[in-house]
Amino acid sequence: PPVPEPPVPEPPVPEPPVEPEPPIVLPTAAPEPGLPEQECVIWGDPHIITFDGVKGNWYGRGIEWIVRSQEVKIQGRFK
């Protein structure tokens, strides 16, 4: 008797692209009286939206100040 042909495998289904994680926005203390509430956002490699709404990208290396005031000091290390 004839030997049946093995089934032809179906081509693999490509994985959908991975969506980047949304930025994490942490709650902050209430602003000083008379000052508007503001936030900055940093995500990815990194993309930046500053406290005054300016958008930018940072492609440098090293340690940079993200926030530097008398109350808050935050540095980021970029590789």
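Before looking at single residues I noted the cut-offs: a residue counts as buried under 20% relative accessible area, as exposed over 50%, and as partly exposed in between. I also kept in mind that this is a predicted model.

**Entry on Val72.** I looked up Val72 and found a relative accessible area of 35%, so Val72 belongs to the partly exposed class, because that value falls between the two cut-offs. Val72 sits in the loop between β4 (62-68) and β5 (73-78). I then asked which residues make a nonpolar surface patch together with Val72. The patch is made by Ile42, Ile66, Val72 and Ile74, and its area is about 260 Å².

**Entry on Gln75.** Moving along the chain, I placed Gln75 in strand β5, and I read its relative accessibility as 46%, which makes Gln75 partly exposed. Leaving aside neighbours within four places in sequence, I found Gln75 in contact with Ile63, Glu64, Trp65 and Ile66. For one of these partners, Trp65, I looked up the spacing to Gln75 and found 4.5 Å between the C-alpha atoms, although the two residues are 10 residues apart along the chain. Ile66, another of the contacts of Gln75, is also one of the residues of the nonpolar patch with Val72.

**Entry on the whole protein.** I listed 0 helices and 5 strands, and along the sequence the pattern reads β-β-β-β-β. Of the 79 residues, 6% count as buried. The protein exposes about 7,800 Å², and carbon and sulfur atoms supply 60% of that area. Finally I checked contacts between residues at least 6 apart in sequence, and noted that 7% of them join residues at least 24 apart.

Notes
Residues are numbered from 1 along each chain as its sequence is written. This is a predicted model: local features need pLDDT of at least 70, side-chain atom pairs count only at pLDDT 80 or more; totals for chains, interfaces and linings use all residues. Side-chain values use heavy atoms; hydrogens and water are left out. Patches are made of residues with over 30% relative accessible area and no salt bridge: like charges are joined within 9 Å, nonpolar side chains (Val, Leu, Ile, Met, Phe, Trp, Tyr) within 5 Å. Accessible areas come from the Shrake-Rupley method with a 1.4 Å probe; for residues, only the protein chains shown count as cover. A salt bridge is a side-chain nitrogen of Lys or Arg within 4 Å of a carboxyl oxygen of Asp or Glu. Helices (H or I, at least four residues) and strands (E, at least two) are DSSP runs, numbered from the N terminus. Buried means under 20% relative accessible area, exposed over 50%, partly exposed in between (1.4 Å probe, protein chains only). Contact means heavy atoms within 4.5 Å.
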